[in-house]
Amino acid sequence: MTDYDELGPGAADLVRPYVITKGRGLPDEKQLSLITLVTAAGDEQQRPTSLSPEEQNLLELCTAGYLSVAEIAGHTRLPMGVVKILLSALTERGYLITRPPVQRAPLTDRHILEEVLDGLRAKFG
Amino acid sequence: MTQYIQNPVLWALLAATCGAVAVIVRQRKSARALRAEIEEIKAHYADLENSFSRSVESEKEQAQDATKSVLKSAMRTLQGLAAEQQSVISGLQSKYGESVILQDLLEIDHTNSQFGRRAQSIAVLCDGWLGRHRDVASVYDVVRSAQGRIRHFRRVEILSQVDFGITSRAVEPLALALAELLDNATSYSNPNTVVEINIRTVPKGICIVVDDAGVGMNDEERARAERLLSTERVSGVSGLGSPPQFGFAVIGVLCERFGFEVSVDSSSPYGGVRAVVLLPHDLLTAMPERQAPAAPVAVPAPAAPAGAGGPERAVAVASTADGLPKRVRKRPIAIVPDGTGGAPAGSRSGSETAAIMGAFQRGTLSGRSGRPERTQQTSSTRDASSEGHEVS
């Protein structure tokens with residue numbers, strides 16, 4: 001019972017995640033998925049100083065260009081959901097731009113490929 | 001004269017006088033003795049009373065000490081359990097960070113923090129364990145930590161920040177004292193009002209001002225608060241009233257033990273109470289390092305050989321504390337509708353552009369004139385390929 005002091009890093013626990021998110025709820029999965037791309041909007045100078053250190057940290061990360069939500073969460077020590085909440089709050093206030101993930105190129109129909117192959121064989125084979 | 005002497009009445013009178021004198025003397029003596037006795041009894045009684053009150057006092061103290069030590073050890077257990085639960089919740093939060101469970105985990109975390117704070121408050125009144133050791137933290141983080149320990153933390157707004165840290169020994173007591181102030185502020189004000197926190201630097205140190213828009217305190221309550229915040233407060237858990245009001249008693253103990261000041265004697269411009277916490281300079285320190293303080297130490301070793309390999313590699317090796325590579329700041333990708341794409345071209349001078357264009361032109365000219373047969377060849381192959389296309 002005397003060893004509670006050794007239970008993990010103390011510094012991270014001082015400010016609990018629900019205070020960092022200010023009690024906001026998780027954003028919609030459609031709005032912000034793991035592979036949604038995020039970047040900072042506008043000038044760095046326009047940012048208000050009233051942002052929390054975590055929010056400023058996220059904005060700094062995002063100024064470099066488009067980063068996926070999963071990447072951003074990897075750079076912070078916060079749980080994924082907490083990062084999502086912060087990102088969606090920053091987006092709502094217009095400091096961040098989100099972009100849905102790039103669509104995967106649809107695979108060509110196997111049937112067509114086979115026909116082309118057959119045609120080529122007929123031609124040269 | 002002789003006729004008087006022979007008068008028996010005279011003798012009788014004389015004898016009576018003597019008797020009376022004797023009686024008076026005896027009476028006096030006995031009265032004196034009685035008085036002395038009374039004095040003695042009085043002194044004895046006072047003695048008894050003193051020793052009685054002393055023994056009652058010591059008995060009371062003993063009882064209070066016993067209560068204190070029982071409560072202290074009980075709270076120690078509860079505090080330990082709360083801390084343990086908090087670390088379990090932290091683990092769960094990072095484990096299920098991606099799922100919807102996180103929302104509920106955050107709620108549980110909040111409740112657990114409040115529970116821990118209650119136990120901590122009682123422990124403080126019983127001269128018990130304040131909590132685990134904390135590292136140096138920024139004033140802002142300490143205020144947020146306090147904010148997280150009360151029920152209505154969403155109503156608290158921190159309006160300003162300062163670039164100061166709190167020494168590690170004062171982090172926990174200050175957070176607890178602020179939490180008690182915020183608890184009072186949110187409990188005694190309307191649920192839809194905001195409790196504002198302003199942090200200001202003053203010549204004596206730093207002031208943390210907590211304003212609520214509640215009903216304020218009447219004179220009696222104010223006097224009670226002042227008394228609890230001063231040194232002549234009640235000690236221990238007795239005298240907290242029913243239902244017990246811990247807030248100011250806890251803050252008073254913490255102020256005395258850790259050397260900061262709290263005053264609640266002014267009223268807020270919003271009508272409620274304005275509480276001011278004054279932190280003297282010896283509780284303040286420089287801002288702690290931001291996140292990931294270990295990263296710069298770990299990185300340089302691999303950076304040196306990479307730098308020898310190529311200039312672009314040297315840039316790419318910065319990593320976070322968790323060992324993940326950190327993306328280096330660079331130009332936005334072309335998708336971004338941004339003016340910066342044109343910048344490198346604009347930075348080129350006119351003569352440079354001319355030289356580049358000239359070199360390009362010379363190159364193409366020499367390529368065309370130098371190898372005519374090669375051109376032939378390529379055109380023939382092109383013909384061949386086009387022929388093939390045509391056939392199909």
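Here are some short exercises on the fold of a predicted model, each with a worked solution.

**Exercise 1. Take stock of chain A: how many helices and strands does chain A have, and in what succession do the elements run?**

Step one is the count: chain A holds five helices and three strands.

Step two is the succession. Reading from the N terminus, the elements follow one another as α-β-α-β-α-α-β-α.

Step three looks at packing. Chain A has 125 residues, and 30% of them count as buried. Take the contacts in chain A between residues at least 6 apart in sequence: 78% of these join residues at least 24 apart.

**Exercise 2. Work out the sheet of chain A: in what order do the strands stand, and which strands are at the edges?**

Start with the order. Three strands make an open sheet, arranged S2-S1-S3, and the pairing is antiparallel.

Now find the edges. Strands S2 (67-68) and S3 (96-99) of chain A each have a single partner strand, so one side of each is left without a neighbour in the sheet.

Next, follow one pairing in detail. Strand S1 (residues 37-40) of chain A joins S3(A) in the antiparallel sense over four bridges. To locate one of them, go to A:Thr39, whose bridge partner in S3(A) is A:Ile97.

Finally, add a helix. Helix H2 (residues 53-62) of chain A lies across S1, S2 and S3 of chain A, and runs at about 100 degrees to S1(A).

**Exercise 3. Now move to chain B: how many helices and strands are there, and what percentage of the residues count as buried?**

The count comes to 13 helices and eight strands in chain B. Of its 392 residues, 25% count as buried. For contacts in chain B with a separation of 6 or more, residues 24 or more positions apart account for 70%.

**Exercise 4. Trace the five-stranded sheet of chain B: what is the strand order, and is the pairing mixed or antiparallel?**

First, the order: the open sheet of chain B runs S2-S4-S5-S7-S6, and its pairing is mixed.

Second, the edges. Strand S2 (156-158) and strand S6 (261-267) of chain B each have a single partner strand, so each has one side without a neighbour in the sheet.

Third, the twist: with direction ignored, neighbouring strands of this sheet are turned by 25 degrees against each other on average.

Fourth, the helix on the sheet. Helix H4 (residues 139-147) of chain B packs there, touching S2, strand S4 (195-202) and S5 of chain B. The direction of H4 makes about 175 degrees with that of S2(B).

**Exercise 5. Look at strand S7 of chain B: over how many bridges does it pair with S5(B), and over how many with S6(B)?**

Begin with S5. Strand S5 (residues 205-211) and strand S7 (residues 273-280) of chain B pair in the antiparallel sense over seven bridges. Two pairs to look for are B:Gly205 with B:Pro280 and B:Cys207 with B:Leu278.

Then turn to S6. S6(B) and S7(B) pair in the antiparallel sense over five bridges, and B:Ser263 stands opposite B:Val276 in S7(B).

Last, check the turn. The hairpin of S6(B) and S7(B) has five residues between the strands, and B:Gly271 there takes a positive phi near 100 degrees.

**Exercise 6. Compare how helix H5 of chain B packs on two other helices: which arrangement is roughly perpendicular, and which is roughly antiparallel?**

Take H3 to begin with. Helix H3 (residues 101-125) and helix H5 (residues 168-187) of chain B pack at about 110 degrees, with their axes 11 Å apart. H3(B) and H5(B) are therefore roughly perpendicular to each other. The contact residues include B:Arg117 and B:Gln120 of H3(B), along with B:Leu176 and B:Glu180 of H5(B). By class, this contact has three nonpolar, two polar and two charged residues.

Now take H7. The axes of H5(B) and helix H7 (residues 247-258) of chain B come within 9 Å and cross at roughly 155 degrees. These two helices are therefore roughly antiparallel to each other, and the crossing of H5(B) and H7(B) is left-handed. Among the residues that meet are B:Leu176 and B:Glu180 in H5(B), and B:Ile251 and B:Phe258 in H7(B). The contact of H5(B) with H7(B) has nine nonpolar, two polar and two charged residues.

Terms used
Residues numbered from 1 in each chain as written. Chains lettered and ligands numbered in written order. Predicted model: local features only at pLDDT ≥ 70, side-chain atom pairs only at ≥ 80, totals over all residues. Pairing = 2+ DSSP bridges. Axes fitted to C-alpha atoms, helices over the stretch in contact; angles between N-to-C directions. Contact = placed C-beta atoms within 7 Å. Parallel < 35°, antiparallel > 145°, perpendicular 65-115°, else oblique. Nonpolar A, V, L, I, M, F, W, Y, C, P; charged D, E, K, R; others polar. Buried ≥ 20, exposed ≤ 12 C-beta atoms within 10 Å, placed from the backbone. Left-handed = near helix turned anticlockwise from the far one by under 90°.
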